[in-house]
Amino acid sequence: MDLDAFRALEPLCWRAPSAHNTQPWRLRYEPAGIRVGWEPARTLPAGDPTGRDLRLSLGAFVETCLIVAADADLHLTYVADPGDRWVGWLRPAEEPYPTPFRTTDVWERRTHRGRFSAGPDPEALAAVDREARQTGGEVRVVPQADRLGALLRTADQHLYADPAITAELRRWLRLDPTHPNYRIDGLTDRCLALSRPAAVGLRAGLAAYPLLRPLGLPRLLAAADDPLARGGTVLALIAPEGLDQAGQVEFGRILLRCWLTLHTSGLAAHPLSQLIDVAATRTALGSLLKVAPERLVHVTRVGRPTRPAPRSARRIPSDEPA
């Protein structure tokens, strides 16, 4: 196994998506293969207490590694092997990983929080649904999307009202180009589609959070943005029943394939994870879809972007000796 050849491709693998763009992945090169795990400092214990988003992002990272390796004719496979801060291995294989996607798809895919001119057509919807059904899941269009506006505001207000979650969000916000990590990680003002005045206002509001929270700041922040007004179709990714933690990693691979399927159809996605991060809105969404709430693992607004989204920042992978 040519470990040096894969090391050279690592920066491309870091284009995988993660909540708040924390990029929690960790690789350790060993004679038997490459161990895949995560850095606890890059997790979200307040906003993602069950680790669902962490495991989905690890699965997306694994899938990205396999796609990038296959495009370079490196023969790798993934073997699940859960442990303390590790989920599995990338190991040598006899054949390249079978995938229709290329490194250019990984590189060019972007989360888009701006305007969409149209939602996905039936062919694109059928394609992402086929990906999900390979492991017993499915993708559904959320009906009565007009009701989601109230659910989104409820979810956002609940999250902003939690000091620990808000402090965690502040840690990963990069609302000024002078921030030392602006080009490394986190959520920048440009990627959040914030104007300069909006970014300045958000920074000021969050800086005064302890004082303004009792005066209604969570409600004001929740009402400040309406992503549904920017167009698109809301999709829910539904997992099979009884999905365990290892299954969530596998479903993260499905999620990445769904996003790349959308990307290759000229579409982009804007996650609306707050809808399933709050118990009340997750239950309401499950009722709307007539599905058990615990099966909802991802919700996203999907459409055809009116302009290219900015590329999110990525850190440089650090080598860890075997």
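Angles under 35 degrees count as roughly parallel, over 145 as roughly antiparallel, 65 to 115 as roughly perpendicular, and the rest as oblique. Keep that handy for the helix stops. What you have open is a predicted model, in which local features need pLDDT of at least 70 and side-chain atom pairs count only at pLDDT 80 or more, while totals for chains, interfaces and linings use all residues. Residue numbers run from 1 along each chain as its sequence is written, and side-chain values use heavy atoms, with hydrogens and water left out.

**Stop 1: helix 2 on helix 10**

Select residues 52-71 for helix 2 and 245-264 for helix 10. Helices here are DSSP runs of H or I with at least four residues, strands are runs of E with at least two, and both are numbered from the N terminus. The two helices pack at about 60 degrees with their axes 6 Å apart; the axes are lines fitted to C-alpha atoms, for helices over the stretch in contact, and angles run from 0 to 180 degrees between N-to-C directions. Helix 2 and helix 10 are therefore oblique to each other. By class, their contact has 10 nonpolar, 5 polar and 5 charged residues. (Ala, Val, Leu, Ile, Met, Phe, Trp, Tyr, Cys and Pro count as nonpolar, Asp, Glu, Lys and Arg as charged, and the others, Gly among them, as polar.)

Now show side chains. On the helix 2 side the contact residues include Arg-52, Arg-55, Leu-56 and Gly-59, and on the helix 10 side they include Gln-245, Gln-248, Phe-251 and Gly-252. Contact means heavy atoms within 4.5 Å.

**Stop 2: the pocket beside them**

Stay with Arg-55 and Gln-245, then add Trp-38, Leu-54 and Val-87: of the 22 residues lining the second largest pocket, these five are the closest to its centre. The pocket has a volume of about 310 Å³. On a 1 Å grid over the protein atoms alone, a pocket is an open set of points with protein on both sides within 12 Å along at least five of seven lines, a cavity is a set where a 1.4 Å probe fits but cannot get out, and lining residues have an atom within 4 Å of a point. Grid points are joined across faces, edges and corners, and a volume is the space filled by probe spheres set on the points.

Color helix 2, strand 3 (76-83), strand 4 (86-92) and helix 10, since each supplies at least two lining residues. The lining as a whole has 14 nonpolar, 5 polar and 3 charged residues.

**Stop 3: helix 1 on helix 2**

Next, select residues 3-13, helix 1, which packs on helix 2 at about 125 degrees with the axes 10 Å apart. That makes helix 1 oblique to helix 2. Phe-6, Leu-9, Leu-12 and Cys-13 of helix 1 meet Phe-61, Thr-64, Cys-65, Val-68 and Ala-69 of helix 2. This contact has 8 nonpolar residues, 1 polar and no charged ones.

**Stop 4: helix 4 on helix 10**

Select 122-133, helix 4, which packs on helix 10 at about 165 degrees with axes 9 Å apart. The pair is therefore roughly antiparallel. Ala-127, Val-128, Glu-131 and Ala-132 are the helix 4 residues in this contact, and their helix 10 partners include Phe-251, Arg-257 and Cys-258.

**Stop 5: the cavities**

How many cavities of 30 Å³ or more are there? The count comes to 3. Val-128 and Cys-258 take you to the largest, whose lining also includes Trp-259, His-298 and Thr-300. Its volume is about 90 Å³. Helix 10 gives the most to this lining, with 4 residues. By class, the lining splits into 10 nonpolar, 2 polar and no charged.

Finish at the second largest cavity, about 70 Å³ in volume. Select Arg-42, Asp-48 and Asp-53, which are among its lining residues. This lining divides into 4 nonpolar, 4 polar and 3 charged.
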